[in-house]
Amino acid sequence: VLALCTWGWRRTGSKCVGSIVGSSVILLVMSLSAASGWDPSRAVGEIGLTAALVALVWLASRSRPPAVFPALLAVGLAGLALWGLWQVFAGLDAIRPAIDELAPAARAYAEERAASGRAFASLPLPSHLAVMLATALPLLAARFRATPKGLVWISVAVVAFVGLLAAKSPVGIGLALLALIPVLVTRSRLSAGIVTGALAIGIVGVVVVRPDVASLEPVSLRFDNWRTGVWLWTTSPASGVGVASFAQASQANPLEVGNRPAHAHNLPIEAVAELGTVGLFGVVGLGVWLVLLISRLWKDHRSLAVAVAVVPLHNMLDFSIFVSGVALPWAVLLGWAIAQAGPEGGRIPATPPKGRIAMVTAISLALGATILHTAGEEIERAAAAGSSPAIRFAGAQQALVLAPWRVEPQFLLATSAIDSRDQALLNRAWTELDRLRWLRPRSAALAERRSRLAIVRGDLSSALAEAWIAAEYGAPGSGAKRRLAELIAEIEKAGHEPTG
């Protein structure tokens, strides 16, 4: 990675200083917003993903790729279709060993998706697999020929097409239709008509086999998500609720909604809700720049232009850009698109910008943080399977030391201390949870865990205070009042039990 960054820096002319400064300002604004937001812990991940996306776009844009490179990337994306088809046809029992290797939260999602009979491959949701395959199809279609090599590309496209149908995402199929028509219509109106008919039949088939789509349930939920985003913006129209704070802040929404997801399922609405005025201008500016880029590519590199547009369009109705498995391949395509539309074409400028040491230092720190984050997740996963509360406690504490910005180990730390009934562990857990409460200051779940921890410690006044905080921050209709009554009953019981 460092070698690639050094290679990219040598090919970065002084004219790119403005872009470098602009990217740095974006990351700085996101960091400041996160620090004052509802969920600084989650923001660390989103800022890290944004930095990785910017770095990949920059590296990919340093040299114009060979003409076959976008199609080869599409072949890799089409390979996800084989994975997804195996999931669908093998069934839940066959893929159970692979699911058991996942983290607990990811395991629950994977089981739900596998049980639904929809393909999702390595991505969190079937719709995310669908948008990747919809991105790959126009790049493959651009190489269709009535030759042996052309038949190979057609075969790969057929695999991607079948995987797209297995994902059962009407939005993904619709995007594939919009992406393929501009590419195929310039080659053969007959092939364009055949593909259009096949995709239209696919959409009808998805509606038939998915009762929730037929009843327009996803549409209703999207409107609820957008209403939540607009309500969040009205609570803080100037600065927003903070980067990555949509999930936490949406729990306070007093409106009756069908769900309270982690994202708004609409990137502009989420940007405005989280960043306020800055988010509005940022989304408009990036949108105009992307449209201009696509327009410059349209004549000579239409398949690349269309492929780059798929993910942004998908994020008008979803949140796939927040998933690394979608964002990073798209970043590579975007970088190649910039290289194709730009004048430099991989030439090494006579005067590269200063700051290579600062760049290498920043990249090294980012890589180190990524390694620590991953190591913390692995240690927490292993600790959760520990044979005793003391072992689980030690593992959770080690995970917090490696990645102190993560919230998840706090739950394991508190639960392990409660199970142990060891006063020393209870006190250490309370100190850690109290010290790190700023990472997710309005979390009802963490407040409830602190309340239960305080009950076992014998600190009934703190237990009562945390119970009220949990009830205050709990989402309407989530059972917060019922859990408050349960906690108060536990506190009263603890208060009447003899001590010593």
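This is a short talk on some helix packing and a few individual residues in a predicted model.

Okay, thanks everyone. Keep in mind throughout that we're looking at a prediction. I'll start with helix pairs, then move to the loops.

Quick reminder before the pairs: two packed helices are described by the angle between their axes and the distance between the axes.

So, α7 and α9 to begin with. α7 covers residues 126-141, and α9 is residues 170-184. Their axes come within 9 Å, crossing at roughly 10°. Because that angle is under 35 degrees, α7 counts as roughly parallel to α9. The handedness of this crossing is right-handed. If you want to click through the contact, on the α7 side you have A130, V131, A134, L137, P138 and A141. Facing them from α9 are G172, L175, A176, A179, L180, V183 and L184. Sorted by class, that's 12 nonpolar residues and 1 polar, with no charged ones.

Next, α16, residues 324-341. I'll take two partners for α16, beginning with α14, which is residues 267-297. The axes of α14 and α16 come within 9 Å, and the crossing angle is roughly 60°. That puts α14 oblique to α16. The crossing is left-handed. From α14, the residues making the contact are W289, L290, L293, R296 and L297. From α16, they are L334, A337, I338, Q340 and A341. The class breakdown for α14 with α16 is 8 nonpolar, 1 polar and 1 charged.

Now the other partner, α15, residues 302-314. Here the axes of α15 and α16 come within 10 Å and cross at roughly 140°. Again, α15 passes α16 in a left-handed crossing. α15 brings L304, A307, V308, V311 and P312 to this contact. α16 brings V326, W330, L333, L334, W336, A337 and Q340. By class we get 11 nonpolar and 1 polar, and no charged residues. If you compare the lists, L334, A337 and Q340 of α16 turn up in the contact with α14, and L334, A337 and Q340 turn up again in the one with α15.

While we have W336 on screen, have a look at P66. P66 sits in the loop between α3 (40-60) and α4 (69-90). How far apart are the C-alpha atoms of P66 and W336? They're separated by 9.7 Å, with the two positions 270 residues apart along the chain. P66 is partly exposed, given its 42% relative accessibility.

Right, backbone oddities. Most residues other than glycine have a negative phi, and most peptide bonds are trans. Here are two residues with a positive phi. A121 isn't a glycine, yet its phi is about 55°. A121 belongs to the loop between α6 (104-116) and α7, and it's buried, at 4% relative accessible area. The other is H265, also not a glycine, with a phi of about 60°. H265 is in the loop between α13 and α14. Is H265 buried or exposed? Buried, with 8% relative accessibility.

Staying in the loop between α13 and α14, let's go to N253. N253 is buried, with a relative accessible area of 0%. A polar atom of the N253 side chain lies 3.0 Å from the backbone nitrogen of L255. Setting aside neighbours within four places in sequence, N253 is in contact with T228, W231, R260 and P476.

L255 also leads us to R227, in helix α12. The C-alpha atoms of R227 and L255 are 8.5 Å apart, and the two are 28 residues apart along the chain. Outside the four-place sequence window, R227 is in contact with L255, E256 and V257. With a relative accessible area of 37%, R227 comes out as partly exposed.

Last one: S236. This serine is in the loop between α12 (217-235) and α13 (246-249). S236 has 19% relative accessibility, and the cut-off for buried is under 20%, so S236 counts as buried. What does the side chain of S236 make a polar contact with? The side chain of S239, at 3.1 Å.

That's what I had. Happy to go back to any of these on the screen.

Key: Residues numbered from 1 in each chain as written. Predicted model: local features only at pLDDT ≥ 70, side-chain atom pairs only at ≥ 80, totals over all residues. Heavy atoms only, no water. Axes fitted to C-alpha atoms, helices over the stretch in contact; angles between N-to-C directions. Helix = DSSP H or I, 4+ residues; strand = E, 2+ residues; numbered from the N terminus. Parallel < 35°, antiparallel > 145°, perpendicular 65-115°, else oblique. Left-handed = near helix turned anticlockwise from the far one by under 90°. Contact = heavy atoms within 4.5 Å. Nonpolar A, V, L, I, M, F, W, Y, C, P; charged D, E, K, R; others polar. Buried < 20%, exposed > 50% of the residue type's maximum accessible area, 1.4 Å probe, protein only. Polar contact = N/O pair within 3.5 Å; in protein donor to acceptor, adjacent residues only side chain to side chain.
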